[in-house]
Amino acid sequence: MASRYSEVYGAWKTDPEGFWSEAAEAIDWFERPERAFEAEGGIYGHWFPDGVTNSCYNCLDRHVEAGRGDQIAFIYDSPVTSSIERISYGALLDDVKALAAVYRELGVDKGDRIIIYMPMIPQAAVAMLAAARIGAVHSVVFGGFAANELAVRIDDCQAKLIVSASCGIEPGRTVAYKPLLDAALTIAEHKPAHCLVYQREMLRADMTPVRDIDYASALAAAKDAGDEAGCTPVASTDPLYVLYTSGTTGQPKGVVRDNGGHMVALKWSMQNFFGVQPGEVFWAASDIGWVVGHSFIVYGPLLNGNTSVLFEGKPVGTPDPGTYWRIIAQHGVAVMFTAPTALRAIRKEDPDASLVANYDLQQFRALFLAGERADPDTIRWAERALGVPIIDHWWQTETGWPVAGNPLGLGLLPVKYGSPAVPLPGYDVQILDDAGHPVEAGTLGNVVVKLPLPPGCLPTLWNADRRFRAAYLEEFPGYYKTADAGYLDDDGYVFIMARTDDIINVAGHRLSTGAMEEVCASHPDVAECAVIGIADDLKGQIPAGFLVINSNVSRETSEIEQEVISLVRDRIGPVAAFRTAMCVKRLPKTRSGKILRATIQKIADRQPWKMPATIDDPAILDEIAAVLHAKGIGV
Ligand code: COA
Ligand code: AMP
C-alpha cells in the first residue's frame, strides 16, 4: 500500500485547525468545541477552548452504551503472581463508578489532586479512570522511586488523597510499598487526609487507623450501597493529570495534560500511527508510572475501544526470555510497544531468538519501539526474529504522543535505520544552531518544534508557568525546545542523537544526572562531584559518579563510595541504577570552573576526544582515565 503520509501531513500543514477539528469528531463532547484553537489562550495558545467533555466517559461509558460492555478492556497478565485476569469494559466501568463514589465520599472534588503510587495491577488503572471521572487530577508515581521522590511530588501537587498498594513484585523480591508511603508522608510537609491502600495477599500492609482505608473494602461497600459517581463535565483545557519527569535540578517537572486535546491526539494516533482498529489487542509493555503507560496502556487503547494488555513482569526472568512472545500469541496481540532495552535484554539471553518458534504469532503485525534511541543492530535482530515491521518512534513525556515515527496506519514509508522516520501531523520539527538559526539538512543541532504544539502536548508545568517558559520556550523564541540534539536528512527524516541537557536514559527510564549530583554532594565527606551517563550494552546508559573527598577525611574511599551508592538508592530509588561511584583526586574543569563532563564521558565510552582548549590542568584527565581503567571502564 502506498503511504498516505505526505498527503495527510500536507493537509495538516495547509489547515491545522481544520485538521484537528475533523479529528475531534472522533471524541464525544458534552459541548462540542466551536473553535479548534485559541491563540490568545494558555501560554502558547490552547486547543478546543470551548469544548466540554470527560475522559472517563470517552474511555468507558460510551463503549458500554454502544453495546460493547462485554468486550475485554484489560488483560492483566502477571507472570510474577502466576495470574491472568480479563476485565470487560462493563466490569471496569462498574469498578470505576464505585471508586469515583469513594473518592467523592472522601471529599475529593473536581480539580483536587490524587497521587497514585501503585504497581502494575488493574486497580491502578481503575484509580486513574475514577479520578478522570470526577474531574480530579491524578498524578501517578512510578514504584521504583524512593520515599523522598514521592514526598516531593505530594508536596508539589498538594495531593488530597493517595491511592497505593501494599506491595509490588520485582523478580526475586517483594517491594513493600506501604513503608515507602509512610516514610514519604513523614518527609512531606503537606499531609493528605487519607490513603486508600490495596492489600495484596503476598504482603499485607500495616494500616494507620483513620488515615488509611482499605481499597477493596471501600469499593465493595460502595457497590453494595449502590453508590456510583457520574461523569463530571470538564473543560477541554482542564487538567486530566500531572506526571512528574526529571528536570535539570532535583525538583521534578510536573507535566500537565489536558482533557480534550489529549483525547483527540491519542485517538488519532491509535488508528493513524499505530494502525490499530477498535476491538484489536494492543500491548504497551511499560509501566503506568511512565508516560507510555498513561498514553498507551490506559488512555489511548481505551479511547480507541481496544483490548489493552497490562503486564506485570519483565522481558526476561519472568520466567524466561520467551514471555513477550507467549503473551503476543496467547492474547492475540496485533500491535505491541516496548523499549529497545527490553529487546536487548531478551537478545542477551536468547541470542538466536529460538523461543519465538514456540509460539504462533500469526496475528502480530508490528512492534513499536521508543523511550531511547533504537540502535540499528537491535532493530535488525528483531526484524529477523519476528518477521514484522519494527518501528522506532520518538517522543517525550512532555508531548504525550509520538512526535516522529513511521506511520503504520497511514502506510509505512521506507525504513532508514537509526531514524524514527518523519514528523507526524501537528509537529513542524526543525533544527536550529545554538544562536537559533536554521541549519542545513544533515547538520546536527537543537531539535525544536515550531509553536503551537499540537493537541495532547503539555500546556504548562504544574503551578510553574514561569519554569515552563524558561525551560522550553525562551531559548528559541517561537519554538518548543525538545532538549534533544539531532538532524533532519534530505528526505525530512529525523535523527535523534543525544540530549542537550543533563538527562540520561537508563533502560528507557529518564533520569537527571543533576539530581544524582545533588544527592552525592549531600554526603558529608564529598567536597564536589560529577555524575555522567556512560554507555551500557543492555541499558543504553548507566550513571557513574566521580567524587572528590574532603581533604581532612582519612577513611577508606571504597566505604564512602558504597555509602554514596546507598544514598542515591535511598533518595532517588533503585530505578536510578546508580552502582558506580569512584573517588578521584580532582575533577577536570575549564579555567572558568565548569566541570568537563562531556570529555569524561567520551573517555569512559572510548570515543575520540580532543583536549578542551579551555582546560585548566590537562593532567587531571589522565588521572580520571586511570581511575576508569582500574574499574574496567573505557578500556
Ligand atoms: N517498583 C520497585 N522497584 C522497581 C520497579 C518498580 N516498579 N521497577 C524497577 N525497579 C527496580 C528493580 O527491581 C531494580 O532494582 P535492583 O537494583 O534491586 O535490581 C532497579 O529498579 C532497576 O530496574 P530496571 O531498570 O528494571 O533494571 P533491571 O536490571 O531489573 O531490568 C530490563 C533491566 C532491561 C529488563 C528492564 O529495565 C526493562 O524491562 N526495561 C523495559 C523498559 C521500560 O519498560 N521502559 C519504560 C519506558 S517505555
Ligand atoms: P521520556 O520523557 O521519558 O519519554 O524521555 C524522552 C526522551 O527519551 C527524549 O527526549 C529522547 O531523548 C529519548 N527518546 C525517546 N524515544 C526516542 C527515540 N525513539 N529515539 C531517540 N531518543 C528517544
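Which residue stands opposite Phe 368 in β19? Phe 337 does. The model is predicted, and this report starts from that pair.

**Around strand β19**

Phe 337 belongs to strand β18, residues 333-338. β18 and β19 run parallel and share 4 bridges. Between them the chain passes through helix α12, residues 340-349. That β-α-β crossover is right-handed.

β19 spans residues 366-369. Ala 366 and Phe 368 point one way. Leu 367 and Leu 369 point the other way. All four of these side chains are buried.

β19 also pairs with strand β20, residues 390-394. Here 3 bridges join the strands, again in the parallel sense. Leu 367 stands opposite Ile 390 of β20. Helix α13, residues 376-386, links β19 to β20 in a right-handed β-α-β unit.

**The sheet as a whole**

These strands belong to an open sheet of 9 strands with mixed pairing. The order is β5-β4-β17-β16-β18-β19-β20-β21-β22. Its edge strands are β5 (83-88) and β22 (422-423), each pairing on one side only. β22 runs antiparallel to β21 (residues 404-405), with 2 bridges between them. Gly 405 has Val 422 of β22 as its bridge partner.

The strand pairs described here are set out below.

| Strand pair | Sense | Bridges | Facing residues |
|---|---|---|---|
| β18 and β19 | parallel | 4 bridges | Phe 337 and Phe 368 |
| β19 and β20 | parallel | 3 bridges | Leu 367 and Ile 390 |
| β21 and β22 | antiparallel | 2 bridges | Gly 405 and Val 422 |

**Helices α6 and α8**

Helix α6 covers residues 147-157. Its buried residues are Ala 147, Glu 149, Leu 150, Ala 151, Arg 153, Ile 154 and Cys 157. The cover over them includes strands β6 (113-117), β8 (161-165) and β14 (239-245), along with helices α7 (177-187) and α16 (557-571). After α6 comes Gln 158, with a positive phi near 50°.

Helix α8 covers residues 215-224 and buries Tyr 215, Ala 218, Leu 219 and Ala 222. These residues lie on the same side of α8, because they cover an arc of only 100° around the axis. An α-helix has 3.6 residues a turn, so residues three or four places apart point the same way. The buried side packs against helices α4 (89-105) and α5 (122-133), and against strands β8, β11 (194-198) and β12 (212-214).

Both ends of α8 have something to show. At the start, a side-chain oxygen of Asp 214 comes to within 3.3 Å of the backbone nitrogen of Ala 216. Just after the helix, Gly 226 has a positive phi of about 70°.

**Nonpolar cores**

The largest nonpolar core holds 120 residues. Tyr 103 and Tyr 299 have the most contacts inside it. Beyond its neighbours within four places in sequence, Tyr 103 touches residues including Val 108, Ile 114, Ala 127, Leu 161, Val 163 and Leu 196. A second, separate core has 45 residues, among them Val 519, Ile 534, Leu 547 and Ala 576.

**A buried glutamine**

Gln 71 sits in the loop between α3 (55-68) and β4 (72-78). Is Gln 71 buried or exposed? Gln 71 counts as buried because its relative accessible area is 18%, and the cut-off is under 20%. A polar atom of the Gln 71 side chain lies 3.0 Å from the backbone oxygen of Gly 305. Setting aside neighbours within four places in sequence, Gln 71 also contacts Ile 87, Ser 88, Tyr 89, Gly 279, Asn 306 and Thr 307, among others.

Key
Residues are numbered from 1 along each chain as its sequence is written. Chains are lettered from A and ligands numbered from 1 in the order in which they are written. This is a predicted model: local features need pLDDT of at least 70, side-chain atom pairs count only at pLDDT 80 or more; totals for chains, interfaces and linings use all residues. Side-chain values use heavy atoms; hydrogens and water are left out. Buried means under 20% relative accessible area, exposed over 50%, partly exposed in between (1.4 Å probe, protein chains only). Two strands pair if DSSP finds at least two bridges between them. A crossover is right-handed if, with the strands pointing away from the viewer, the path from the first strand over the helix to the second runs clockwise. Contact means heavy atoms within 4.5 Å. A nonpolar core is a set of buried Ala, Val, Leu, Ile, Met, Phe, Trp, Tyr and Cys residues joined through side-chain atoms within 4.5 Å. The arc is that of the directions from the helix axis to the C-beta atoms. A polar contact is a pair of N or O atoms within 3.5 Å; within protein, one must be able to donate a hydrogen and the other to accept it, and residues adjacent in sequence count only if both atoms are side-chain atoms.
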